[in-house]
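Please open the model in your viewer and keep the selection panel at hand. The tour begins at a pair of packed helices and then moves outward to some backbone details.

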Amino acid sequence: MSLRNKVVWITGASSGIGALTAKYISEAGGIPILAARSEAKLREAAQGITGPHECVVLDVTDNEQIHMVLEGILERHGRVDVLINNAGFGLFKTAMDLTLQEFEEMMDVNYMGVVRCTKAVLPSMLARGEGHIVNIASIAGKIGTPKSTAYSASKHAVLGFTNSLRMELAQSGVTISAINPGPIDTPFFDKADPSGQYVNNVRWFIMPPERVAKKIVSVIEKGRTEADLPGLASFGVKLMQLFPRLSSGVAAKVLNKK
């Protein structure tokens, strides 16, 4: 797919990979619709975008607001060509230290936010017989790690939803993709890891956000259905799938970086 003149709705676009992806989509000739809860942060994120774009305030836990935003996009542009479900957050705590409310909030934003936005946009895509939905999951959706019970569970749910939906829509003309990155150098860790311990422990492994944003654009342009990154993380996933009992014991020690 060429992104020229394509309308691309991006949630969680006020910073990090969401904001950068919007910038790269604009540079490719697309029309990014940046969505997030903070209008001020959205305006700041959009400063580097020179082509046509929009900023819309959106809380992905509010289904009514999602439909209102979508109606506005359809009125102004007539369609959504690509939806990038990027909104999400994490808290790195043990299961015993996490409150039930924190479990529920992560699932509500990270998973149900994806479901709400996808179900909102799907009818118009199916009616047109084309479209692309890209869900930003995580390597944590394939490999559980200590102090990531709630976050990892939410991303496992995103991948389960994504993979099942892809099968349901196989003949519809709508492409369903998952992006599964490892740790990225973004403001995500300001909330997930306020002590900075995890970031310091994985600094050699952490990816620049530009790399992930460019991969997202590449997946859309090439119509790919999944991308794991970096390569070392992808190799680790395959190893654990082949030898789950052996590798899980090793992983518990190696991945205990939080």
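Select helices H1 and H8 together and look at how they cross: the crossing is right-handed, a term used when the near helix is turned clockwise from the far one by less than a right angle, anticlockwise being left-handed. Helices here (H or I, at least four residues) and strands (E, at least two) are DSSP runs, numbered from the N terminus. This is a predicted model, in which local features need pLDDT of at least 70 and side-chain atom pairs count only at pLDDT 80 or more, while totals for chains, interfaces and linings use all residues. Residues are numbered from 1 along each chain as its sequence is written, and side-chain values use heavy atoms, with hydrogens and water left out.

Next, show the side chains at the crossing. H1 contributes Ile-17, Leu-20, Thr-21, Tyr-24 and Ile-25 to the contact, and H8 contributes Pro-209, Glu-210, Val-212, Ala-213, Lys-214, Ile-216 and Val-217, where contact means heavy atoms within 4.5 Å. These residues divide into nine nonpolar, one polar and two charged; Ala, Val, Leu, Ile, Met, Phe, Trp, Tyr, Cys and Pro count as nonpolar, Asp, Glu, Lys and Arg as charged, and the others, Gly among them, as polar.

Now select H1 alone, residues 16-27. Its end C-alpha atoms are 17 Å apart, which agrees with the 16 Å that its 12 residues should span at 1.5 Å a residue, the expected span being 1.5 Å times one less than the number of residues. Nine of the 12 residues of H1 are buried, that is, under 20% relative accessible area, with exposed meaning over 50% and partly exposed in between (1.4 Å probe, protein chains only). Among the buried residues of H1 are Gly-18, Ala-19, Ala-22 and Ser-26. To see what covers the buried residues of H1, add elements including strand E1 (7-11), strand E2 (31-36), helix H2 (39-45) and strand E5 (131-136).

Which residue with a positive phi follows H1? Select Gly-29, whose phi is near 100 degrees.

Move then to the segment before E1, where Asn-5 is placed. Asn-5 is not a glycine, yet has a positive phi of about 65 degrees, and at 49% relative accessibility it counts as partly exposed. Lys-147, in the loop between E5 and helix H5 (149-168), likewise has a positive phi, near 65 degrees, and counts as partly exposed at 30% relative accessibility.

Finally, select Leu-229 and Pro-230, which are joined by a cis peptide bond with omega about 0 degrees. Pro-230 is found in the loop between strand E7 (226-229) and helix H9 (231-242).
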